[in-house]
Amino acid sequence: MSQTHEFQAEVKQVLDIVIHSLYTDREIFIRELVSNAADAMEKMRLTQLTEKEVFDPSAALEVTITTDEAARTLTIADHGIGMTRAELVENLGTIAHSGSKAFAAALKNAGKQNDASLIGQFGVGFYSAFMVADKVEVHTHSWRTEGEHLVWTSDGSTSYTIDESTEEARGCKIVLHLKEDAAEFATKHRVKQVLEKYSNFVTFPVILDTERVNTVEALWLKSKDSITDEQYTEFYRFAAHAFDDPSYRLHFQAESPIAINALLFTPTQNMESYGMGQMEPNVGLYCKKVLIDPKPKKLLPEWMRFVRGVIDSEDLPLNISRESMQDSALVRKLGDVVAKRLLKHLDKEAVEDPKKYNEFYANFSRFFKEGIATDHTNRDAIAKLLRFESSMTEPGETVSLTEYVKRMKEDQKEIYYQVSTSRSTIESGPYVAAFKAKGFEVLYMFEHIDEYVISSLSKFEDKDLKSVNAPDIDIGETTGEGEGEALAEADATSLCDWIKERLATQVETVRTGKRLVGSPALVLTPEGEMSPQIRQMMKAMGKDGDMPGSKVIFEINPRHPLVRNLSALRAKDPETAGLISEQILDNALLSAGLLDEPQRIIERTQKLMEKLSA
């Protein structure tokens, strides 16, 4: 018996929104119909456990998709639970069960006729078919043995009809008569492309023109004990579109505070280091094995963009198109849980196999340092993953901040560090010798970004991080090898005053210092001034023209032979003493990375040699 049903005005309005305004990409309709088919077969699988009498019991639980370019049709069939005549009217003749009038009223009250965020509770995925089809047929037979063979037909505009069908299979077969501008979806390669993007992990086989498409298993839902390393590597390469092996993997399930199944990998190769631009986030977000977003930008922190894998949560409240999340707070909670688990996992791996971790860290340290500067929530956990060479490690060996704190001296209150271009530059300079003499470990940092990292971190386990060239450090007096008695206090004060007058344009203060061991002098950056590393970065960026001139604090070592001799020389030969004081300052500036005109050292050296040879 043929029946024709008119769509209500409100339903027609809803259909118009779904077809023209709701989805940002028309290809989504394939995902929706395949997902509906999988849901119907899941219901059928459960029904078979409780019902003895089932129509067409031998029908395989699989999705069969057929393309026909000549007829310009796409057919998607399943052997799921099917529908009766009443269920066709209920499920396809209305927009979910919430009531299309209420839905239309919500749209009107919002003043937005295409606001998809309002219709999250309405199940209209099926109607996405009308974005690409000018006619849709649904051939169906219920699982019930007394069910009819039916076909629901509509153009999605005014009405639908329900007739008897010649099809005799259980489930639903949807035939889409494609619009002229949607002919691409009648081609196998285009449909396969969409299936591999969104529906590759559907539980049931998806057969496209006799070829199975979803051949890779959803490993994140399987037990870890049942998966081999080779399977994990194969999955990583598939999901990440990568050719390398993963360096680390994290596979876990959680139920609280939100249901999560996650399988994450870190790569071996850092593509950003090859100058290929910034990586995009590549942890796919799934809901019940159906892809929601292949590259969600706000799920994990931005600095974790090198992580690859899958996060699946059946708790996600999705809007009607499944293209965005309604509850951003819940999504943030999901991301927070995963990020914390990953950081904890990496910390554990780093402790258990330091050599392997150091190799990984050498390639990806920039990401962790970026995380320190930008991810306040996870800053303390990220800090545990940082690694640096130090005054107590061999070249190339590193230490963590946790290890540093454990071996701090009893009377040591702060974590000491120096940022410079290389280990040799640090160790040949004047800053670390006194700390070594005291047995205080100094962390060596070789990248300009480290200055930002430390300023963002500022503390670790309640210990302040302090630069060895900070102007306010006092670690007590230390005498180096070859140094004698210090200048008398009056002579030292007089010498400082004389140097200050001589070098007034370059120095803010001249003072004697206790921290110097084996070096005649050093320079310090006054509080509030740009550090040497920041000045070098500005210069490298071509912005040194904007930098204000900087005067330094000039500390001299009253025990060093050169300084003691300078004190005596200034009375006998002030001109030569002045040249020597300038040379000592420039040597200190050069060591600190603050000498902008190294040519003047050569010119002054020539003058001194001329005096000595006269």
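1. **The largest cavity.** In this predicted model, the largest cavity is lined by Pro 281, Asn 282, Val 283, Pro 296, Lys 297, Leu 299, Leu 300, Pro 301, Glu 302, Met 304, Arg 305 and Val 307. Its volume is about 70 Å³. The lining is mixed in character: eight residues are nonpolar, one is polar and three are charged. Rolling a probe the size of a water molecule over the atoms is what shows where empty space is left.

2. **The second largest cavity.** The count of cavities of 30 Å³ or more comes to two. The second largest has a volume of about 40 Å³. Leu 495, Ile 499, Pro 520, Ala 521, Phe 554, Ile 556, Val 563, Leu 566 and Ile 584 line this cavity. What is the character of the residues in the lining of the second largest cavity? Nine are nonpolar, with no polar and no charged residue. Three elements, H14, S22 and H16, each supply at least two residues of this lining.

3. **Helix H14.** This helix covers residues 489-502. Its 14 residues should span 20 Å at 1.5 Å a residue, and the end C-alpha atoms are indeed 20 Å apart, so the expected and modelled spans agree. Ala 492, Leu 495, Cys 496, Trp 498 and Ile 499 are buried in H14. They sit on the same side of the helix, because their arc around the axis is only 165°. Glu 489, Ala 490 and Glu 501 are exposed on the other side of H14. Two of the buried residues, Leu 495 and Ile 499, also belong to the lining of the second largest cavity. An α-helix has 3.6 residues a turn, so residues three or four places apart point the same way.

4. **What H14 packs against.** The partners of its buried residues are two strands and two helices. The strands are S20 (507-512) and S22 (552-556). The helices are H16 (561-572) and H17 (574-592).

5. **Helix H13 and the residue after it.** H13 runs over residues 449-457, and its buried residues are Asp 450, Glu 451, Val 453, Ile 454 and Leu 457. These lie on the same side of H13, because they cover an arc of only 160° around the axis. Ser 458 follows H13 and has a positive phi, near 60°.

6. **Two loop residues with positive phi.** Most residues other than glycine have a negative phi. Lys 289 departs from this, with a positive phi near 75°. It sits in the loop between strand S12 (282-287) and strand S13 (290-293). Asp 462 also has a positive phi, of about 65°, and is not a glycine. Its loop joins strand S18 (459-460) and strand S19 (463-467). Are Lys 289 and Asp 462 buried or exposed? Lys 289 has a relative accessible area of 14%, under the 20% cut-off, so it is buried. Asp 462 reaches 71%, over the 50% cut-off, so it counts as exposed.

7. **Glu 27.** Glu 27 is found in the loop between helix H1 (9-22) and helix H2 (28-50). Its relative accessibility is 6%, so it counts as buried. Which residues does Glu 27 contact, leaving aside neighbours within four places in sequence? They are Phe 185, Arg 190, Val 194, Lys 197 and Tyr 198. Glu 27 and Ala 129 are 102 residues apart in sequence, yet their C-alpha atoms are 9.6 Å apart.

8. **Glu 69.** Another glutamate, Glu 69, lies in the loop between strand S2 (63-68) and strand S3 (73-78). At 58% relative accessibility, Glu 69 counts as exposed. Leaving aside neighbours within four places in sequence, Glu 69 is in contact with Ala 186 and Thr 187. Its C-alpha atom is 9.9 Å from that of Leu 178, which is 109 residues away along the chain.

9. **The chain as a whole.** How many helices and strands does the chain have? There are 18 helices and 22 strands. The chain has 614 residues, and 50% of them count as buried. Take the contacts between residues at least 6 apart in sequence: 71% of these join residues at least 24 apart.

Note on methods: Residues are numbered from 1 along each chain as its sequence is written. This is a predicted model: local features need pLDDT of at least 70, side-chain atom pairs count only at pLDDT 80 or more; totals for chains, interfaces and linings use all residues. Side-chain values use heavy atoms; hydrogens and water are left out. Helices (H or I, at least four residues) and strands (E, at least two) are DSSP runs, numbered from the N terminus. Buried means under 20% relative accessible area, exposed over 50%, partly exposed in between (1.4 Å probe, protein chains only). The expected span of a helix is 1.5 Å times one less than its number of residues. The arc is that of the directions from the helix axis to the C-beta atoms. Contact means heavy atoms within 4.5 Å. On a 1 Å grid over the protein atoms alone, a cavity is a set of points where a 1.4 Å probe fits but cannot get out, and a pocket is an open set with protein on both sides within 12 Å along at least five of seven lines; lining residues have an atom within 4 Å of a point. Grid points are joined across faces, edges and corners, and a volume is the space filled by probe spheres set on the points. Ala, Val, Leu, Ile, Met, Phe, Trp, Tyr, Cys and Pro count as nonpolar, Asp, Glu, Lys and Arg as charged, and the others, Gly among them, as polar.
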